[in-house]
Amino acid sequence: MSVSHARVVIIGGGVMGCGLAYHLAHEGWTDVVLLEKAELTSGSTWHAAGQITHSTSSFSLGKCVGYNIDLYSKVLEKETGQSVTWHGCGSFRLAYTDDELDWLRQTLSVGKALGFTMELVGPQRIRELHPFYNLEGVQAALYTPDDGHVDPSGATFALAQGARQLGAKIIRQCRATDIKREPNGEWRVFTERGEIVCEHVVNAGGTYARQVGKWMGLDVPTTSMTHHYLITDTVPEFISLERELPVIRDDRLVSGYIRMEQKSGLIGIYEKANPNAVWIDECPWEAEHELFEPHYDRIMPWLENAMGRMPVLSQLGIKRAVHGAISHPPDGNPLIGPAPGLRNFWLNCGCQIGIGWGPGLTRELARWMVHGASDINMRDYDPRRFGRFADQEYQITKAKEDYLLRHEVPFPHLNRHAGRPVKPSALYERLKSRGAVFEEVYGWERPRWFARDGVEQRDYYSFRRPAWFPLVQQEVNSVRECAGVMDISAFTKVQVSGPGAANFIDRLIPNRLPSKPGRIALTHLLNENGRIELETTIVRLADDRFYFTCAAFFEQRLLDYLRFARTDHDDVTITNLSDAWGALVLNGPRSRDILAPNTSAALTNEAFPWLTAQEIEVAGEKVWAFRMSYAGEVGWEFHGTKESIPAVYDALHEIGDAMGLIDYGSFAMNVMRLEKMFKGAGELTNEVTLTEADVMRFVKTDKAEFRGKQATLAALKKGPLWICAYLQIEPDGVSDGNGGEAVLMGDRQVGSITSIAYSPSVGKILAFAYVSPDVASPGTKVDVTIMGEIRKAEVLGEPAFDPDNVRPRADAGADSQRTRVAANA
């Protein structure tokens, strides 16, 4: 090996590693070295079945698969001369039940936003295109005619060839053995054939990703799960076919897929019991083209179903059984992006559908590395979504759960319970006893809604209004009419302190720094491209002490942002309080009446103004009280040690229960923030600038400096590619949307929904959507596809509820103010 220095070293020569080398080279970084310990594709890639479909209800993943199919079918072979053996046979996803049919309708709505060719068809049309499948019980199918499959090795070799043609180096039979950080911040990669110093390292190790991560002290959250597919003897009925049959995805009975493989049948099964994890500690380095003996007993119920659904296969032998290992992260989504806590170290692994998802995701990773931001929302794939809570036991438990869910209906708000609770808050048992139904957020147990009125305390799933719908409406109405309390301990909580804290923070944020202790500012952290990394609230606790809060998901991202921005000249200390502190919010017009008996602090507007903070005693506990409200009501957030929060919660209920105080959860919180036109994580993403997100009111362009300022000014001058619009949509009383739906102007697709919910306060569905600038003006009439049906919608220019923002600023004892509040209710 003659290479001693490179800009990027990629470890792993499967589809993910080769895909990244290809896309880095296309983005202009050609000084790339890919190291493969054996031969390209000799890990998990070579034994992939190679299918790829447009059928996904994830908008961001849909962007990737659309790109991938175009790459395989139109670009890659022509560019490189390497055959990828594209089979454009199309596919069906079957629906037997009403819920499955609703899933297909939701997928159709998202597909329309993505511009995909797809349609819902009945059994007659399925039979015309696939005469051999038993359609008993099938209601319909989603037909995606542009789907297909490739030869996994050929596709990967083509990506590698494309990378080589642009100057990247691929070194086979060269195993990496260690990685060390150099004093100047570069990385030294040790191999069996020498050392390479580089600026960036990428872990694309597949089933070896965990042990590669251990070299830097990383616990990469992936587990190797084994999956079967079987190839039958030649099918006599296939011999005379003039065209290849569409792939059948039968999630209910087969828990997998059936397709042609030349003139044979191919059956892939994700069994729904006894999932098999292997190589728990580490994958043997000598494993190459590794397969395991088939476990027919484990898959037999679904294999028997497959034979019953495809009778032409039932009397044939199995000429080949492929039982190989595939990486599964805890939530099933790949790990694509920065490794937590390490600068210029990237993860590109954990992709269970590497052929189907890999090229699009590696294109976005390449853009992220080269340009500082990807062009699609990478929140679902960012490796920093897992923290220390995701230990090995959790990883294995959740990987098995994910495997079992691989061919289940992906309901909105699907709640994955295995391995929980991991991080219960100090209020967990109290909330559970009051009927809380929890969700996991960065390991935390956060209440979604509360079971009342005879509704059982469990999950209810539907693409339409589920059983909890009226209870969430009740929570919203109770907060609007009286008051509500919510455990927000899952929030990220980070303190920045020290003599240099003010100057350090001020040079990062586009908004004004809170000018004195007790002041609060909402701001955004940007990358150098002016794209949004995250939104955060900053509270100035003292002259030299600041407190950041943001969504739980962004904990590691915020810590990395601050730590990487700190220089040797910054006299600051960054302290993560997220686990040590808890938080609680009280909202609603009677909040003062409930809080006042529990504190000696004055609570009038004059004594405690809107958007200010004070350290006060509540129920004998010293906590910080922030007067602000995501619900758009009079309210306070209480932040303090996790030991202090239960007493505050109990005291508020002791006074408030007789007044109508209610516990509420994240579902009601989401409704209320939409009613108030408050943007959330779905709108404030790495895809967009502050101009496009329509949050320039939080930007002070006259500041001498803030990170991303020049890019922000350039974006302002250039104008937005799209704009975050606020929509009011006509309800039908049955389904209120689930996100990702298409926004239409006539026959033209002009945008897609990011957040959506029904508002009981205004009797309409409210949503945010990114749309073309020409349809973003208030009053513009558009259509939105919800469950495949058209709904009338209108762009609004102000909040649908309390547009003058009177309610959160309401004062105590002011009759005229109370009259105005009532008028806006």
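**Aromatic pairs and a buried glutamate**

The charged end of Arg379 sits over the ring of Phe553, at 4.7 Å from the ring centre. Another arginine shows up in a comparable spot: Arg465 lies over the face of Tyr758, with 4.6 Å to the centre of that ring. The model is a predicted one, and the values that follow are computed from it.

Ring against ring comes next. Searching the whole structure turns up 23 aromatic pairs. One of the pairs brings together Tyr270 and Tyr403, whose ring centres are 5.1 Å apart, with 45 degrees between the planes, and it is classed as tilted. Tyr270 belongs to the loop between strand S15 (264–269) and strand S16 (277–278), while Tyr403 is part of helix H9 (residues 392–404), so this pair links parts of the chain that are 133 residues apart in sequence. Both partners are tucked away from the surface: Tyr270 has 4% relative accessibility and counts as buried, and Tyr403 is buried as well, with a relative accessible area of 1%.

Tyr726 and Phe768 make up another tilted pair, with 5.4 Å from centre to centre and 40 degrees between the planes. Here the partners sit in strands: Tyr726 in S33 (residues 723–729) and Phe768 in S36, so the pair ties together parts 42 residues apart in sequence. Strand S36 itself covers residues 764–771. Burial is again the rule for the two rings, as Tyr726 comes out at 2% relative accessibility and counts as buried, and Phe768 is buried at 0%. For a sense of scale, the C-alpha atom of Phe768 is separated by 41 Å from that of Ile267, a residue 501 places away along the chain. Elsewhere, aromatic residues gather in a group, with Tyr208, Trp215 and Trp285 forming one cluster.

That leaves a charged residue on the inside. Glu633 is found in the loop that runs between strand S30 (621–626) and strand S31 (635–641). With a relative accessible area of 1%, Glu633 falls under the 20% cut-off and therefore counts as buried. What does the side chain of Glu633 make a polar contact with? The partner is the side chain of Arg480, at 2.9 Å. Setting aside neighbours within four places in sequence, Glu633 also has contacts with a mixed set of residues, among them Val479, Asn587, Gly588 and Pro589. Trp610, Phe801, Arg807 and Pro808 are in contact with Glu633 too, and Arg480 appears on that list as well.

Notes:
Residues numbered from 1 in each chain as written. Predicted model: local features only at pLDDT ≥ 70, side-chain atom pairs only at ≥ 80, totals over all residues. Heavy atoms only, no water. Helix = DSSP H or I, 4+ residues; strand = E, 2+ residues; numbered from the N terminus. Buried < 20%, exposed > 50% of the residue type's maximum accessible area, 1.4 Å probe, protein only. Polar contact = N/O pair within 3.5 Å; in protein donor to acceptor, adjacent residues only side chain to side chain. Contact = heavy atoms within 4.5 Å. Phe/Tyr/Trp six-rings, centres within 6.5 Å; stacked < 30°, edge-to-face > 60°. Lys NZ or Arg CZ within 6 Å of the ring centre and 35° of its normal.
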